[in-house]
Amino acid sequence: MNSQLKKGLIEYCVLAALAHQDSYGYEIVKQINHQIEITESTLYPILKRLETSKRVTTYSKIHNGRLRKYYQLTDEGQNSIQQFLNDWKQVEAIHQYIKGSVKNAAS
């Protein structure tokens, strides 16, 4: 998969993971790795970008004696997911066009 496309999809996978519940880095990786392969070193810059764009906020909480940083989806993040879903309809239409063009060219 094209790295730019993958990068964008990972952002929305992270947002989708947080739509269910607040979470922390390692847990987010485990949750979305079933859909798209990601490492923690890839995740944290994405989380920072999502925080900077106000699509997620953070808070810290003690877990097993250690301070853990949790990420929480904001209204802006929820709106971003909805916009992605709306935009995806156009992506599907483009996909069908390309697929049809390639199929017709091969005939």
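This is a short walk through one predicted chain, from its overall build down to a few individual residues.

Hi everyone, thanks for coming. Please keep in mind throughout that we are looking at a predicted model.

Let's begin with the whole chain. There are four helices and two strands here, and if you follow the sequence from start to end you read the pattern α-α-α-β-β-α. What about the overall dimensions? Along the principal axes, the C-alpha atoms fill a box of roughly 65 × 25 × 20 Å. The radius of gyration is 17 Å, whereas a compact globule of 107 residues would come out near 13 Å. As for burial, 27% of the 107 residues count as buried. And if you take contacts between residues at least 6 apart in sequence, 49% of them join residues at least 24 apart.

Now a word on annotation. An unreviewed UniProt entry carries the annotation "domain: Transcription regulator PadR N-terminal", and it covers residues 14-82. In the model, that span is 52% helix and 23% strand, and its end C-alpha atoms lie 14 Å apart.

Next, please look at the first helix pair. Two packed helices are described by the angle between their axes and the distance between the axes. For helix H1, residues 3-20, and helix H2, residues 25-32, the angle is about 105° and the axes are 10 Å apart. So H1 and H2 are roughly perpendicular to each other. Which residues make the contact? On the H1 side you have Cys 13, Val 14, Ala 17, Leu 18 and His 20, and on the H2 side Ile 28, Gln 31 and Ile 32. By character, the residues of this contact are six nonpolar, two polar and no charged.

Let's stay in that area and step into the loop between H1 and H2, where we find Ser 23. Is Ser 23 buried or exposed? With a relative accessible area of just 2%, against a cut-off of 20%, Ser 23 counts as buried. Setting aside neighbours within four places in sequence, Ser 23 is in contact with Leu 18 and Ile 28, and also with Lys 69, Tyr 70 and Tyr 71. Leu 18 and Ile 28 may sound familiar: both belong to the H1 and H2 contact.

That list also brings us to Lys 69, which sits in strand S2, residues 66-73. Lys 69 has 40% relative accessibility, so it counts as partly exposed. What does Lys 69 touch, leaving out residues up to four places away in sequence? The partners are Ser 23, Tyr 24, Glu 51, Thr 58, Tyr 59 and Ser 60. Tyr 24 deserves a second look: Lys 69 and Tyr 24 are 45 residues apart in sequence, yet their C-alpha atoms are 6.0 Å apart in space.

Finally, some backbone geometry, with two residues other than glycine that have a positive phi. Phi of Lys 54 is near 65°. Where is Lys 54? You will find it in the loop between helix H3, residues 40-52, and strand S1, residues 56-63. At 61% relative accessibility, Lys 54 is exposed. The other case is Asn 64, with phi near 50°. Asn 64 is in the loop between S1 and S2, and it is exposed too, with a relative accessible area of 70%.

That's my tour. Thanks for listening, and I'm happy to take questions.

Definitions and conventions
Residues are numbered from 1 along each chain as its sequence is written. This is a predicted model: local features need pLDDT of at least 70, side-chain atom pairs count only at pLDDT 80 or more; totals for chains, interfaces and linings use all residues. Side-chain values use heavy atoms; hydrogens and water are left out. UniProt positions are given in the numbering used here, feature names are shortened, and annotations may be inferred rather than shown by experiment. Axes are lines fitted to C-alpha atoms, for helices over the stretch in contact, and angles run from 0 to 180 degrees between N-to-C directions. Angles under 35 degrees count as roughly parallel, over 145 as roughly antiparallel, 65 to 115 as roughly perpendicular and the rest as oblique. Contact means heavy atoms within 4.5 Å. Ala, Val, Leu, Ile, Met, Phe, Trp, Tyr, Cys and Pro count as nonpolar, Asp, Glu, Lys and Arg as charged, and the others, Gly among them, as polar. The radius of gyration is taken over C-alpha atoms; the globule rule is 2.2 Å times the number of residues to the power 0.38. Buried means under 20% relative accessible area, exposed over 50%, partly exposed in between (1.4 Å probe, protein chains only).
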